[in-house]
Amino acid sequence: MAHTARKDEDKKEYFDSPDILEKKVNQLVEWIRESKHMITFTGAGVSTGAGIPDFRSGMNTSLQTGPGVWELRANRSSREQKHKVTSTFKAIPTPTHMMFVKLQQEGIMKCCVSQNTDGLHRRSGLPKSALCELHGNSNLERCKKCGREYLRDYSVRYAVGVHDHFTGKKCDDPECRGPLEDTIVNFGENLPEGELQKSFDEAEIADLCLVMGSSLTVTPAANIPERVGERRQQLVIVNLQQTPLDSEASLCIHAKCEDVSQMVMTKLGLEIPEFHLKRQISIQSSTNDDKDSAILSVQGKDIAGLPFSFLKEVHVELGRDIHNLKQPFNMKLIWKEGLTEFPLKITIFFHSHYGEPPITRNVTIKKGEDLKQNLSVDYNPFTQQWNVTDNDLSKGVAAMSLT
């Protein structure tokens, strides 16, 4: 079974000498430059550099995260204090994650097929359109009835039973209200049909598939890079351990993913972008049909404008009163006789996985006028500062500030 200990030879780690590594990376870079349709395939090894343990590394691994989860379980052991691990929510995307973001932005990488459930590819800024998450995303819920997806800033996996995926929440669409499920794919469960089909479609047209950090032992996911090899296209595997597809690969590189990524980008003359949290916050008000009230709504969105629940609380200060709003962050405002506007102080609080401070904005809601304000927020976890651009969509005005 996939979650049991493997033979010692399968767990052995190999490291290319510096001169061999240089030659291999030069060859990879040449193929990247020549490629017309490059895809990538990732496993847990791309996230160990972020402090997230993998599954299959042996007890004597060189990785700072220590042995894999299943290796510890098979040996009835626990992780030692010397091993450096962090939660998926506090983990910062690695140079490999950010390399993919840049390659996609440059039009070089067409699609990233991932077996990872840690959500780091989405958090890094890689758009959903360029990503296939075959085994799900621990932050993503999907409506069983209408299929609508909800990205969260917290784990949505609550179920105790392996094959129980209901989260206890309902779809936000008032005309649906179907039950929400997590998207995690456990062993013995089918992979999401759409993601799987798109992955195989990409494999059919790829002229280069770069595999990073995967043991390539889990099918049908491993069949995707295998298909590229079967078509006699370039299949490159970057992994410390040997894989079942090594014999079909055009090139096998034995080095840590982040080391290879930095070498590749230097030789391509491209800079690996610094990781920032990039998100949007919508602040809107609309007049009710009765004209006697207005609804204030504050909503989080991802960079593509899709709903994203990364807000924890919203405090609305109106005069001497402070209203603490919880999800879905809506507030009804009553137009009493003589009132023509509501001056509001809105303070937005986050889950602060990276120490994000709250953002405060003063807005004025005027009777008979709808408010449409969009905040483009860019958080630097290294300086712990927000860069906020205010876009008043009702007036077409933008202003930038640091928080």
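Two strands count as paired here if DSSP finds at least two bridges between them, and strands themselves are DSSP E runs of at least two residues, just as helices are H or I runs of at least four, all numbered from the N terminus. With that in hand, eight bridges join strand S11 (residues 277-287) to strand S12 (residues 293-301), and the two run antiparallel. This is a predicted model, where local features need pLDDT of at least 70, side-chain atom pairs count only at pLDDT 80 or more, and totals for chains, interfaces and linings use all residues. Residues are numbered from 1 along each chain as its sequence is written, and side-chain values use heavy atoms, with hydrogens and water left out.

**The chain as a whole**

- Counting secondary structure, you get eight helices and 21 strands.
- The radius of gyration is 24 Å, close to the 22 Å that the globule rule gives for 403 residues, so the chain is as compact as a globular protein of that length. Both numbers rest on simple recipes: the radius is taken over C-alpha atoms, and the rule is 2.2 Å times the number of residues to the power 0.38.
- Along the principal axes, the C-alpha atoms fill a box of roughly 80 × 50 × 45 Å.
- Of the 403 residues, 49% count as buried (under 20% relative accessible area; exposed is over 50%, partly exposed is in between, with a 1.4 Å probe and protein chains only).
- Take the contacts (heavy atoms within 4.5 Å) between residues at least 6 apart in sequence: 59% of them join residues at least 24 apart.
- The accessible surface comes to about 19500 Å², and carbon and sulfur atoms own 48% of it. That area comes from the Shrake-Rupley method with a 1.4 Å probe; for residues, only the protein chains shown count as cover.
- On the charge side, there are 50 positive and 54 negative side chains, and the centres of the two sets lie 3 Å apart. Lys and Arg count as positive, Asp and Glu as negative, while His and the chain ends are not counted; each charge is placed at NZ of Lys, CZ of Arg, CG of Asp or CD of Glu.

**Strand pairing around S11**

- Strands of a sheet pair through backbone hydrogen bonds, either parallel or antiparallel.
- Besides S12, strand S11 also pairs with strand S19 (residues 371-380), antiparallel again, over nine bridges.
- For a residue-level look, Arg-279 stands opposite Val-377 in S19, and Gln-284 has Ser-297 in S12 as its bridge partner.

**The five-stranded open sheet**

- Five strands line up in the order S6-S7-S4-S5-S13 to make an open sheet with mixed pairing.
- Strand S6 (166-170) and strand S13 (308-309) sit at the edges with a single partner strand each, so one side of each has no neighbour in the sheet.
- S6 pairs with strand S7 (residues 179-182) in the antiparallel sense over two bridges, and Lys-170 stands opposite Pro-179 in S7.
- Gly-168 is found in strand S6 and counts as exposed, at 73% relative accessibility.
- Computed along the sequence, Gly-168 and Thr-96 are 72 residues apart, and their C-alpha atoms are 35 Å apart in space.

**The S14-S15 hairpin**

- Strands S14 (residues 311-318) and S15 (residues 321-325) run antiparallel and are joined by five bridges; one pairing matches Val-316 with His-323 in S15.
- There are two residues between the strands of this hairpin, and Gly-319 there takes a positive phi near 65°.

**Backbone oddities in loops**

- The Thr-219 to Pro-220 peptide bond is cis, with omega near 10°; Pro-220 belongs to the loop between strand S8 (208-212) and helix H7 (223-230).
- A cis bond also runs from Gln-327 to Pro-328, with omega near 15°, and Pro-328 lies in the loop between S15 and strand S16 (330-334).
- Phe-329 is in the loop between S15 and S16, has a positive phi of about 60° although it is not a glycine, and is buried at 2% relative accessible area.
- Ser-352, in the loop between strand S17 (341-350) and strand S18 (359-366), is another non-glycine with positive phi, near 55°. Ser-352 is partly exposed, at 27%.

**A buried histidine**

- His-135 is in the loop between strand S3 (131-133) and strand S4 (140-143) and is buried, with a relative accessible area of 14%.
- Leaving aside residues up to four places away in sequence, His-135 touches residues including Ser-114, Gln-115, Thr-183, Leu-191 and Ala-221.
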